Each structure stands twice: as structure tokens, then as C-alpha cells.
Amino acid sequence: MKKKELISAISEKLKVKKEIVEDVIDTFQEVVLDECVEKGGEVNLPTIGRFKQKVNSARQGINPLTKAKLDIPESHTLTFKPIDSIKKVISDKKASKK
């Protein structure tokens, strides 16, 4: 589902203008990024899961082609961890192929 499709679906369910839904989604994105990336916190949505910044520490790796050692710098990423009940629903169903 693309962003426009998501906006339309939410707009229809809530019976509000698409512009309002789009503003809410854009603001939600800003808040999540600010809290998780800038402040290092997390955003917890009890019925879905939580967004959190993951820090991968610096480490030494090996180039698979040359077998030479190389330094891999620290990296940061934003993760989403669904709650257990959603994990169970997902694991019980096979993914649809497109």
C-alpha cells in the first residue's frame, strides 16, 4: 500500500478530508524521527509496536572476495518491532505473492 492509498483508506474509515489525514501522517513521521533519531528515545504504540533507533557498533569485518580485514564504522538505523500478538498473526499467514 502506498502513502496515497493509506491516506484514502484512513480518510474513508474516519470520514475526514484526505488533507487532514495527510497532515497527521506527515506530522507523525516528523515526531517519530525527532524522538527516535534526534533524542534517542522510542515511540511506543501499544496496539501495534514500537519505533526505536538501533545503534550498530563499529566492528571489524572481512571482505569476502579478498579476505582482507576492514573496519566497519558505527551505523544507526530506525527499527520497528511489532507486538507479540501481531507477530503471531503474521507468522500464521503466508505472504501473498504479487
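Here a visitor asks a guide how some labels for this predicted model are justified.

Visitor: What makes β2 and β5 a pair of strands?

Guide: Two strands pair if at least two bridges are found between them. Strand β2 (residues 49-56) is joined to β5 by 8 bridges, so the two count as paired. They run antiparallel, and one of the bridges puts arginine 50 opposite its partner in β5, lysine 81.

Visitor: Why are β1 and β5 said to stand at the edges?

Guide: The sheet is open, with its strands in the order β1-β2-β5. β1 (42-45) and β5 (75-82) each have a single partner strand, so one side of each has no neighbour in the sheet.

Visitor: Why is the pair of phenylalanine 28 and phenylalanine 51 called edge-to-face?

Guide: Ring centres must lie within 6.5 Å, and planes over 60 degrees apart count as edge-to-face. These two rings are 5.9 Å apart centre to centre, with 70° between the planes, so both conditions are met.

Visitor: And why is the pair of phenylalanine 51 and phenylalanine 80 called tilted?

Guide: Their centres are 4.8 Å apart and their planes stand at 50°. Stacked needs under 30 degrees and edge-to-face over 60, so this pair is tilted.

Visitor: Why does phenylalanine 80 count as partly exposed?

Guide: Buried means under 20% and exposed over 50%. Phenylalanine 80 has 37% relative accessibility, so it falls in between.

Visitor: How do you know that the side chains of glutamine 53 and histidine 76 make a polar contact?

Guide: The cut-off is 3.5 Å, and this contact is at 2.9 Å, so the distance fits.

Notes
Residues numbered from 1 in each chain as written. Predicted model: local features only at pLDDT ≥ 70, side-chain atom pairs only at ≥ 80, totals over all residues. Heavy atoms only, no water. Helix = DSSP H or I, 4+ residues; strand = E, 2+ residues; numbered from the N terminus. Polar contact = N/O pair within 3.5 Å; in protein donor to acceptor, adjacent residues only side chain to side chain. Phe/Tyr/Trp six-rings, centres within 6.5 Å; stacked < 30°, edge-to-face > 60°. Buried < 20%, exposed > 50% of the residue type's maximum accessible area, 1.4 Å probe, protein only.
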